Amino acid sequence: MSFGRNIRGECERILGKEWVKDDPVTLYTYRCDGLTLYTAPPMGVLFPGTVEELVSVVKLLYQHKISFIARGAGTGLSGGAVPQEGSVIIEMARFKEVHEVDWINRTITVGPGVINLRITEHVHSKGYHYAPDPSSQKACTIGGNVAENSGGPHTLKYGVTVNHVLGLEMVLPDGEHVKLGGNHLGMPGPDLLGLVIGSEGTFGIITKIICRLTPNPEKAVTMLGIYKSVHEACESVSSITRHGIIPAAMEMLDKITISAVEKALKPGFPLDAEAVLIVELDGLTDGLDNDAEFVEKLLKKSGATKVNRARDEAERAKIWRARKEAFGAIGQISPSYYVQDGVIPRSKLPKVLDEIAEIGKKHGLTVANVFHAGDGNLHPLILYNYENPEEVEKSHLIGEEILSSCIRHGGTLSGEHGIGIEKAEWMADLYPRSSLDNMQNVRAFFNPENLLNPGKLFPQPGRCSESKSGTSPQNFPALDKSKMVAAKSGIAV
Ligand SMILES: Cc1cc2nc3c(=O)[nH]c(=O)nc-3n(C[C@H](O)[C@H](O)[C@H](O)COP(=O)(O)OP(=O)(O)OC[C@H]3O[C@@H](n4cnc5c(N)ncnc54)[C@H](O)[C@@H]3O)c2cc1C
């Protein structure tokens, strides 16, 4: 599928010829995001450079009832940026302006195409950073982060995207340009901003974001606990939490992941360890070394055979690079991987990790683990060969069984990668029909014709009541959609 001649001509008139693409290479490139198990080519790709251009193309597509979807860097891991129904992709990478830094109020206003790490780079020398740090932060955009409510290793202490965004502007699917939130925390009135953050690009196309800046900690101490068993590493996580300590980050890598990062990056992790646990403490210099000594004792008491402390910033950076580039390093040991994102109560970590190993063994595929242990947010990496259809099929089955296990143990579907296409059908396992209706009514308030990013987040009609894990959620009454639409006025810019 490609643009019809009329639509192409109109788009070229608005954007200029070079920013309208539907050649085979572009369609192939934009057929998937970071989750390569789901692919579908778009009708074409548009690259607006200003809000006015964006509004004009959105109005055009809306008028012709052509579905469309915003895209940032395409690093999403739940198929959120994969076009359904041959949607047009609106690539937001050209919105990469840093509009304003307000040092007194500690905010930065940026375009959605700004890469996450660039925000911190922009303010770091003045003593600030942008706290949510997805492992993909060298590539992903802040627009994608807002859409997915992204987290990262340091969200254990600092919170996720919704805790660091004060306001935004966006274009609704009919072309209306609206403003939500503002320059301050907790603006009066219903929290529409909170609704939009994490709505996975189904409510509007974000064009500007006001982010909070966080002062850099005076000092950080990064430790690497080394373990003979994953269970003992999990016990360390519980022990630290039990003692009321909140580290900035607690991240675990298992033996398979250690072997991959050692091949790719050589951080000096011991190849004979079954697991390593990265624990970072940060804050005021005074007292931090004492806290670190206490944590080191806890790690050893719960089974760490050794605890290495980063001696300087270079050693700290080496440890973090190994953690943040661990997914990529898996390329050293497998042609492809499929990463899951279930969340479980921390107390269930050993049990669920055992079950995951069993599930992999049963289907004959290896499952590696690298995850946000402090949050109970698992990232099992199912290793498969994309050229082997049987392995592709098995990786889907393993993913489903892992999710079932997470839900059975009181967990949830996603910690940070979102629902997208991948888990839309699973929402019926978490929420009763009436709650899903309520959520879709809210989506209909912003996106009444479902032209923006269709097929994402919610089960498709007719499949809503099927439970994939066998759990049965409790029912609540649905909202009356007609009453909600009346509330829409008053937010236009
Ligand atoms: C190696 C690797 C590590 C990762 N680590 C983490 C991690 O630690 N934590 C984490 O949370 N995620 C992580 N991710 C997932 C991913 O990077 C995040 O979900 C990220 O926020 C996606 O940003 P993006 O710019 O790539 O968005 P895309 O993939 O392009 O899009 C994602 C969704 O956002 C929507 N969207 C994009 N831009 C806009 C906009 N301007 N307006 C409205 N909607 C928009 C899209 O429609 C889509 O639904 C990782 C991914 C990879 C590949």
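This briefing covers the sheet, the nonpolar cores, one helix and the ligand surroundings of the structure above. The model is a predicted one. An open sheet of 7 strands runs through the account, and strand β14 (residues 275-283) of that sheet also gives the most residues, 6, to the largest nonpolar core. The ligand, for its part, has 37 residues around it.

**The sheet and its helices**

- The strands of the open sheet follow the order β15-β12-β14-β13-β17-β18-β16, and their pairing is antiparallel.
- At the edges stand β15 (306-309) and β16 (336-339), each of which pairs on one side only, while the twist from one strand to the next averages 20 degrees.
- Between β12 (residues 219-227) and β15 the antiparallel pairing extends over 4 bridges, and methionine 223 has arginine 309 of β15 as its bridge partner.
- Helix α8 (residues 230-242) packs on the sheet, where it touches β12, β13 (249-254) and β14, and its direction makes about 20 degrees with that of β14.
- Helix α14 (residues 389-408) also packs on the sheet, touching β16, β17 (367-371) and β18 (380-384), with a direction that makes about 165 degrees with that of β18.

**The nonpolar cores**

- The largest nonpolar core holds 74 residues, of which Ala275, Val276, Leu277, Leu381 and Ile382 touch the most other members.
- Strand β14, as the element that gives the most to this core, supplies 6 residues.
- Leucine 277, leaving aside residues up to four places away in sequence, touches Gly225, Tyr227, Ala233, Ser236, Met250, Met252 and Ala373.
- A second core, separate from the one just described, consists of 60 residues, including Phe68, Ile108, Phe446 and Leu452.
- In soluble globular proteins, nonpolar side chains tend to be buried together.

**Helix α3**

- Helix α3 (residues 51-63) has 13 residues and reaches 18 Å from its first C-alpha to its last, which is close to the 18 Å expected at 1.5 Å a residue.
- Its buried residues are Leu54, Val55, Val57, Val58, Leu60 and Leu61.
- Lysine 65, which follows α3, has a positive phi, near 55 degrees.

**Around the ligand**

- Among the 37 residues around the ligand, those that come nearest are Gly72, Gly76, Gly80, Gly144 and Gly201.
- Two or more residues of this shell are given by each of β3 (68-71), α5 (142-148), β10 (205-212) and α12 (326-329), and the largest share, 5 residues, comes from α5.

Note on methods:
Residues numbered from 1 in each chain as written. Predicted model: local features only at pLDDT ≥ 70, side-chain atom pairs only at ≥ 80, totals over all residues. Core = buried A, V, L, I, M, F, W, Y, C linked by C-beta atoms within 7 Å. Buried ≥ 20, exposed ≤ 12 C-beta atoms within 10 Å, placed from the backbone. Contact = placed C-beta atoms within 7 Å. Expected span 1.5 Å × (residues − 1). Pairing = 2+ DSSP bridges. Axes fitted to C-alpha atoms, helices over the stretch in contact; angles between N-to-C directions. Near = placed C-beta within 6 Å.
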